[in-house]
Amino acid sequence: MRVPSVLLLGVASGLSVFGMAIIVPSTSSIAVAFDAGFASVQFVVSAYLLGLAVAQPVSGIICDRFGRRPVMLGGFALFTIASLLCAIAPTLWLLIVARFLQAVGVSVGTVTVRAILRDTRSGDRMAEAMSYIAAIMGVAPVVAPMVGGFLDSLLGFRSIFYVTASMGAIVLIAMYLRLGETLSPGHVAAGGRELRSNYGVLLNSRQFLGYTMIFGFTQGAFFSFLAVGAPYFLTAFGMDARTFGVLWGVLAVTYIVGATLGAKLTPRIGSRSVMRISIGFNLVAGLMLLVVALSDTPTPWTVLIPMGLLMVFAGSGTPGAMTGAVQPHPTMAGTASGLSSAMGLVLGGSFSVVSGSLYTGGFRSIGVLIFCATLASATSWFFASRAMAR
């Protein structure tokens with residue numbers, strides 16, 4: 001049984017979020033290129049979110065039925081082709097359709113990787129591996145806008161899709177060479193009635209829902225800032241895009257530090273303790289940002305220091321949340337992974353939409369939204385913990 005490296009699994013898993021965030025800086029360029037209004041261009045982002053929401057549960061079902069390898073290879077083949085279609089799309093609506101297909105293809109990454117980990121690891125070993133994968137996943141939405149903005153300014157927005165097509169092709173070839181089938185030969189996939197029953201079990205599981213919501217709200221906290229961080233720092237502090245890009249790079253490093261710290265601590269104190277500490281400090285960071293938001297004179301440091309703290313503990317806590325949603329359901333790991341990923345990523349991504357809608361040039365709406373996300377994450381942990389205690 002050939003299992004790819006954690007690095008390759010992390011890239012495959014993180015490409016779904018990377019593909020969503022890389023286009024954010026180019027919405028203005030797309031609007032100009034297609035002579036379209038901003039409201040229409042937003043469908044380029046929302047169609048991708050819709051594709052993830054629709055496809056991830058299906059990806060989980062079919063990887064439980066047909067195996068991890070064929071689903072992974074088929075998904076990244078579709079992502080590569082759809083990326084090329086995005087690059088040559090002659091109309092905005094064809095671009096939107098191609099973005100939907102991109103998301104459908106790449107949806108297999110996060111879902112199948114979690115199922116592969118569940119096939120090959122258990123307990124804290126799974127959480128430890130997930131910590132390193134989460135480090136790559138967490139860097140993706142931070143680095144992607146920097147890469148997208150650079151490509152857009154240098155070569156135009158279409159170059160972004162040639163880059164994502166290249167990344168998809170590399171992952172496809174690597175998985176073809178490195179990934180063996182990890183699904184047990186004796187595994188029997190759920191039929192229609194059993195599948196409905198499985199969804200019923202998952203949606204009635206406080207542990208599954210709690211961990212899924214922790215994942216979604218944790219992502220939502222920094223998506224709230226991601227959506228409007230660049231224009232806010234430009235208008236409030238006069239920082240150009242290049243300077244803000246450097247700041248995003250620093251935040252990416254803090255997330256990696258947090259994920260690595262979580263991976264090191266998990267074998268020593270257990271994943272639940274790491275989760276509890278991470279969520280507690282995330283709430284503290286959210287409260288700090290709320291205080292900054294309600295003050296009259298936010299400064300770069302009063303914003304960035306709590307954001308750095310938030311990113312560190314998002315990095316250490318996210319792997320446990322992703323693992324906790326799947327681990328109690330080994331016989332339906334793909335189904336649980338698909339549903340959890342879809343719910344979590346769509347929930348997190350929706351914060352970027354809400355943040356953009358509420359933004360009026362100040363930090364108040366951003367800080368309040370981040371605090372709400374961290375508070376909701378802590379509340380979700382409370383319910384998940386109570387469920388596990390029973």
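Entry 1, the whole chain. I looked up the secondary structure first and found 16 helices and 0 strands in the chain. The radius of gyration is 20 Å, close to the 21 Å that the globule rule gives for 390 residues, so I note the chain as being as compact as a globular protein of that length. I keep in mind that this is a predicted model. Along its principal axes, the C-alpha trace spans about 60 × 50 × 35 Å.

Entry 2, burial and surface. I asked what share of the chain is buried. Of the 390 residues, 56% are buried. The accessible surface comes to about 15,300 Å², and carbon and sulfur atoms hold 69% of that surface.

Entry 3, contacts and charges. I took the contacts in the chain with a separation of 6 or more, and 86% of them join residues 24 or more positions apart. For charges, I have 22 positive and 10 negative in the chain. The mean positions of these two sets are 9 Å apart.

Entry 4, the core. Which residues have the most contacts inside the largest nonpolar core? I have Ile-30, Leu-95, Met-175, Phe-225 and Phe-363 on that list, in a core of 108 residues. Helix α6, residues 92-120, gives the most to this core, with 11 residues. I then followed Phe-363 outward, leaving aside its neighbours within four places in sequence. Phe-363 is in contact with Phe-225, which is also on the list of core residues with the most contacts. The other partners of Phe-363 are Tyr-232, Leu-289, Val-292, Ala-293, Pro-298 and Val-303.

Entry 5, Ser-40. I found Ser-40 in helix α3, which covers residues 38-41. Is Ser-40 buried, exposed or partly exposed? Its relative accessible area is 25%, so I class Ser-40 as partly exposed, given that buried means under 20% and exposed over 50%. Not counting residues up to four places away in sequence, Ser-40 touches Leu-92 and Ile-96. Ser-40 and Ile-96 are 56 residues apart along the chain, and their C-alpha atoms are separated by 9.6 Å. Both contact partners of Ser-40 fall within the residue range of helix α6.

Entry 6, Gln-56. I place Gln-56 in helix α4, residues 43-66. Its relative accessible area is 0%, so Gln-56 is buried. What does Gln-56 touch, not counting residues up to four places away in sequence? I list Ser-107, Thr-110, Val-111, Gly-338, Ser-341, Ala-342 and Leu-345.

Entry 7, Gly-148. Helix α7 runs over residues 123-155, and Gly-148 lies in it. Gly-148 is buried, because its relative accessible area is 0%. I find that Gly-148 touches Ile-22, Pro-25, Ser-26 and Ile-160, residues up to four places away in sequence not being counted. I also looked up Gly-148 against Ser-355, 207 residues apart along the chain. The C-alpha atoms of this pair are separated by 20 Å.

Entry 8, Ala-31. Ala-31 lies in helix α2, residues 27-33. Its relative accessibility is 13%, so I count Ala-31 as buried, the limit for buried being under 20%. Once its neighbours within four places in sequence are left aside, Ala-31 is in contact with Ala-36 and Val-41. I checked Ala-31 against Gly-344 as well, and the two are 313 residues apart along the chain. Their C-alpha atoms are separated by 29 Å.

Definitions and conventions
Residues numbered from 1 in each chain as written. Predicted model: local features only at pLDDT ≥ 70, side-chain atom pairs only at ≥ 80, totals over all residues. Heavy atoms only, no water. Core = buried A, V, L, I, M, F, W, Y, C linked by side-chain atoms within 4.5 Å. Buried < 20%, exposed > 50% of the residue type's maximum accessible area, 1.4 Å probe, protein only. Helix = DSSP H or I, 4+ residues; strand = E, 2+ residues; numbered from the N terminus. Contact = heavy atoms within 4.5 Å. Rg over C-alpha atoms; globule rule 2.2 N^0.38 Å. Areas by Shrake-Rupley, 256 points an atom, 1.4 Å probe, with all protein chains shown as cover. Lys, Arg positive; Asp, Glu negative; His and termini not counted. Charge placed at Lys NZ, Arg CZ, Asp CG, Glu CD.
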